Amino acid sequence: MNSPTVSTKIMTDALHGRAFLSRIEESKIREVANAGLGMTDLLAFWFGEPDQVTPALIRDAAKRALDAGATFYTQNLGIPPLREAIARYVSRLHQPIDESRVAVTSSGVNALMLVYQALFDPGDRVVIVTPVWPNVTEGPKILGAAVTRVPLHFERGWKLDLARLLAALTPGTRAVIINSPNNPTGWSMDRACQEIVFAHCRRLGIWIIADDVYERLYFEPGANCAPSFLDLAEADDLVISANSFSKSWLMTGWRLGWIVAPALLTEVFAKLIEYNTSCAPSFVQQAGIVALEQGESITQEFLKRLKIARDFLIGRLAPLPGIRVAAPPGAMYVFLGIDGLTDSVAFAKGLVGEAKLGLAPGAAFGTEGEGYLRWCFASSLARLDEGARRLQVALTTTTDLKVC
């Protein structure tokens, strides 16, 4: 048997030239969640998923597909009926698009990673609006790209310094990644800002990668979805939209997503999908068709429930001393600041141990998220109420939770 010293050397040699892997951040959300594994009476709000199962309409479609034998490989880009259904769905929300611009993926994060693989070489400069879900920033780093962060700031709600973003989008920048509505803050880029960013990037030849996973979870009255770069772009513009079935149809565990991109990239994605996952599961794709074509009421009911939950939670948290919070215009998270908080990971772990309350640490979303906690409010009012009570008690005790 090899000694530890020899094994270490073998591993070091094997990873030679992959030094950038040491710069990839481990998920601090998982780190906190692991502290609560097996704990009873824990109220967990750290993951971005609802507390409801996928509706029967979609589950039954998958069952029918399985019973019909949909257990084989499919086309890399997805079965034609699903690509066509996605094209019709996107066309209803935005401008008309053809299914030739659609690639089906095995989840939204797989969609993003495929886009990164198609576009980024080592050393490419990528600008990202932050704080943001860590997979958005770490994916480009895995491919050796250099990430420049442009932080939002809190001012009675989360705001973007548009001039700072434009200044960061210099000639030679490969891409800008914008998640709107944003995870974790709920910030959403308005149409006027999108038009300015779109024109700037078009002039300089910079790709716009839009993480549109939360586009339907948007609370502005009368809006059917959040503003999108797909509303502005021509078919051959350097705009890519990554999306997912996870949030809008309560399908987080199904791992199904899609990409809308210029048609010339479609065959590139087909090649990449072959060497990543080959294809999304056939029976899951069949369920996706039903979600798109028959599941609008699911999305609308979920959105209605989220708005009630958002307003309830904000009402419970805002009066607490030392809390900074504002109602987000989109997504399903409250990103709350706590005065004096300097180590959100330690604080979140303390909440797990002492209050049996599970929240995601702000530091998981970048240094600009430090001092904050993310609370997923896709939950019942009773659970939210009890969670707020536990936080209030924790903040007023004399334990280490009081000051960090």
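**Two pockets, one predicted model**

Hi everyone, let me start with a strand: β12 gives three residues to the lining of the second largest pocket, the largest share there. Keep in mind throughout that this is a predicted model.

So, what else lines that second largest pocket? There are 21 lining residues, and those nearest the centre are Trp-158, Lys-159, Trp-187, Ser-188 and Pro-329. Two elements supply two or more residues each, namely β6, running 158–159, and β12, running 333–338. If you have the structure open, the volume to look for is about 290 Å³. As for chemistry, the lining of this second largest pocket counts 14 nonpolar residues, with four polar and three charged.

Now over to the largest pocket. How much space lies in it? About 780 Å³. Its lining is made of 35 residues, and the ones closest to the centre are Val-109, Trp-133, Asn-135, Lys-247 and Arg-255.

Here the elements to find are helices: α2 at 28–35, α5 at 108–119 and α6 at 134–142 each bring at least two residues to the lining of the largest pocket. Which of them gives the largest share? That is α5, with six residues.

And the make-up by class? In the largest pocket, nonpolar and polar residues come to 13 each, and nine are charged.

To put the two side by side on your screens, look for α5 at the largest pocket and β12 at the second largest one. Thanks, everyone, and I'm happy to turn the model around for anyone who wants another look.

Definitions and conventions: Residues are numbered from 1 along each chain as its sequence is written. This is a predicted model: local features need pLDDT of at least 70, side-chain atom pairs count only at pLDDT 80 or more; totals for chains, interfaces and linings use all residues. Side-chain values use heavy atoms; hydrogens and water are left out. On a 1 Å grid over the protein atoms alone, a cavity is a set of points where a 1.4 Å probe fits but cannot get out, and a pocket is an open set with protein on both sides within 12 Å along at least five of seven lines; lining residues have an atom within 4 Å of a point. Grid points are joined across faces, edges and corners, and a volume is the space filled by probe spheres set on the points. Helices (H or I, at least four residues) and strands (E, at least two) are DSSP runs, numbered from the N terminus. Ala, Val, Leu, Ile, Met, Phe, Trp, Tyr, Cys and Pro count as nonpolar, Asp, Glu, Lys and Arg as charged, and the others, Gly among them, as polar.
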